[in-house]
Amino acid sequence: MSPKLRKFALAALGVLAIGAAALWWLAQSRDQSNGQRASSSNGSAERVELGLMSSLPLYWPLGEDFTSLIDAEQEMPWQRTVLEARYDLRLLDSLSPDDQGVSPLAGLERLAIVQPRGLSPSDNVALDDWVRGGGQLLIALDPMLTGEYEVAFGDPRRPVGAALIPPVIERWGLAISFDEGQSESVRSATIAGGQIPLHMAGVVSVLDPAAASCELQGDGIIAACDIGEGSVTVLSDAAVFEHQELAGEEGGTLIALLAQTLN
């Protein structure tokens, strides 16, 4: 069996194994969405803003040229469709203030960083300051991506295959490791009462309990931390962002993850 077919088969088996959990998350996500729609009828905004930084093709199709990107009929990634049903996305390629001192994080309350390219020293400082000031962060750092990407290794458009762990993770007293001997089967982990699928995930460890108040969840796949006035959820896997079949019906599992970690 080819590697591509083998990964597809593993993912399919995983979907069957976590089907009940995905349905639970989907129902929870829909309940939250219904609540937001009710609030909207009373004058509150249904959608909220979400900052997004990622090397994955979550917003633009992978490998397309500029002409294709501005084509109104160009099919967008499924992740963008799912996310924009709930959030107004603010795309970020830097977290540092510009030459005029304007921060790209200004006014932002929620941020998802998924398998980022290397963060600069000033990005790390800006992210730490933003979280301590009250920001809510979900950061997914996957030691081994399992998606298929039709661009060559070395192509700058290709997602980062093994997460580049930013120094701010250590500042928060955490570390991420990878067990190369783990099963290649899709499995699930519990977070905030729900479950998410995992595929070749890492393990989060607390190195310095005094650095932040962190709780490990899902057998160490996830760390939920209170840092200053804000919160950080570190997820050592990105499969739910990579594989549509693992994201749940209409992306319900993915949306539920964001709703639970960026409330």
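**Exercise 1. Strand β11 and its partners**

Ile-139 stands opposite Val-234 in β11. Starting from this pair in the predicted model, work out which strands pair with β11 and in which sense.

*Solution.*

Step 1. Begin with β4 (136-140). β4 and β11 are parallel partners, joined over five bridges.

Step 2. Now look for a partner of β11 in β10. Strand β11 covers residues 230-235, and six bridges tie it to β10 in an antiparallel arrangement. Here Ala-224 is found opposite Thr-233 in β11.

Step 3. Check how the chain gets from β10 to β11. The two strands make a hairpin with two residues between them, and Gly-228 in the turn has a positive phi of about 60 degrees.

Step 4. Put this together: β11 pairs in the parallel sense with β4 and in the antiparallel sense with β10.

**Exercise 2. One hairpin back**

Find out which strand forms a hairpin with β10 through a turn that contains Gly-218.

*Solution.*

Step 1. The strand is β9, and four residues lie between β9 and β10 in this hairpin.

Step 2. Look at the pairing. β9 (residues 213-217) and β10 (residues 222-227) are antiparallel, with five bridges between them. As an example of the register, Cys-214 faces Cys-225 in β10.

Step 3. Finish with the turn, where Gly-218 takes a positive phi of about 60 degrees.

**Exercise 3. Two faces of a strand**

Decide which residues of β11 are buried on each of its two faces.

*Solution.*

Step 1. Recall a general point: side chains in a regular strand alternate between the two faces of the sheet.

Step 2. Sort the residues of β11. Gly-230, Val-232 and Val-234 belong to one side, while Ser-231, Thr-233 and Leu-235 belong to the other.

Step 3. Read off the burial: both faces are covered, and six of the six residues in β11 are buried.

**Exercise 4. The length of a helix**

Compare the expected span of helix α5 with the distance between its end C-alpha atoms, then describe its surroundings.

*Solution.*

Step 1. Helix α5 (residues 121-132) has 12 residues, and at 1.5 Å a residue it should span 16 Å.

Step 2. The end C-alpha atoms of α5 are 17 Å apart, which agrees with the expected span.

Step 3. List the buried residues of α5: Asp-123, Asn-124, Ala-126, Leu-127, Asp-128, Trp-130 and Val-131. Their cover includes β3, β4, α6, β10 and β11.

Step 4. Look just past the helix, where Gly-134 has a positive phi of about 125 degrees.

**Exercise 5. Inside the largest core**

Name the residues that touch the most other members of the largest nonpolar core, and find the element that gives the largest share.

*Solution.*

Step 1. This core has 31 residues, and those touching the most other members are Leu-235, Phe-241, Leu-257 and Leu-258.

Step 2. Ask who contributes. Elements supplying at least two residues each include β1 (48-54), α4 (78-84), β3 (110-114) and α8 (252-261). The largest share, four residues, comes from α8.

Step 3. Follow one residue, Leu-258. Beyond its neighbours within four places in sequence, Leu-258 contacts Leu-50, Leu-83, Tyr-87, Ala-112 and Leu-138.

Step 4. Apart from this core there is another, of 28 residues, with Met-53, Leu-119, Trp-172 and Ile-176 among them.

**Exercise 6. Rings and charges**

Classify the ring pair of Tyr-59 and Trp-60, and say which charged end sits over the ring of Trp-60.

*Solution.*

Step 1. A pair of aromatic rings is described by the distance of the centres and the angle of the planes.

Step 2. For Tyr-59 and Trp-60 the centres are 5.0 Å apart and the planes meet at 85 degrees, so the pair is edge-to-face. An angle over 60 degrees is needed for that class.

Step 3. Compare accessibility. Tyr-59 counts as buried at 16%, whereas Trp-60, at 36%, counts as partly exposed.

Step 4. Add the charge: the charged end of Arg-80 sits over the ring of Trp-60, 5.0 Å from its centre.

**Exercise 7. A buried glycine**

Determine whether Gly-173 is buried or exposed, and what it touches.

*Solution.*

Step 1. Gly-173 is in the loop between α6 and β5. Its relative accessibility is 2%, so Gly-173 counts as buried.

Step 2. Leaving out residues up to four places away in sequence, Gly-173 touches Ser-205, Val-206, Leu-207, Asp-208 and Ala-211.

How values were computed
Residues are numbered from 1 along each chain as its sequence is written. This is a predicted model: local features need pLDDT of at least 70, side-chain atom pairs count only at pLDDT 80 or more; totals for chains, interfaces and linings use all residues. Side-chain values use heavy atoms; hydrogens and water are left out. Two strands pair if DSSP finds at least two bridges between them. A nonpolar core is a set of buried Ala, Val, Leu, Ile, Met, Phe, Trp, Tyr and Cys residues joined through side-chain atoms within 4.5 Å. Buried means under 20% relative accessible area, exposed over 50%, partly exposed in between (1.4 Å probe, protein chains only). Contact means heavy atoms within 4.5 Å. The expected span of a helix is 1.5 Å times one less than its number of residues. Rings of Phe, Tyr and Trp (its six-membered ring) pair if their centres lie within 6.5 Å; planes under 30 degrees apart count as stacked, over 60 as edge-to-face and the rest as tilted. A charge sits over a ring if NZ of Lys or CZ of Arg is within 6 Å of the ring centre and within 35 degrees of the ring normal.
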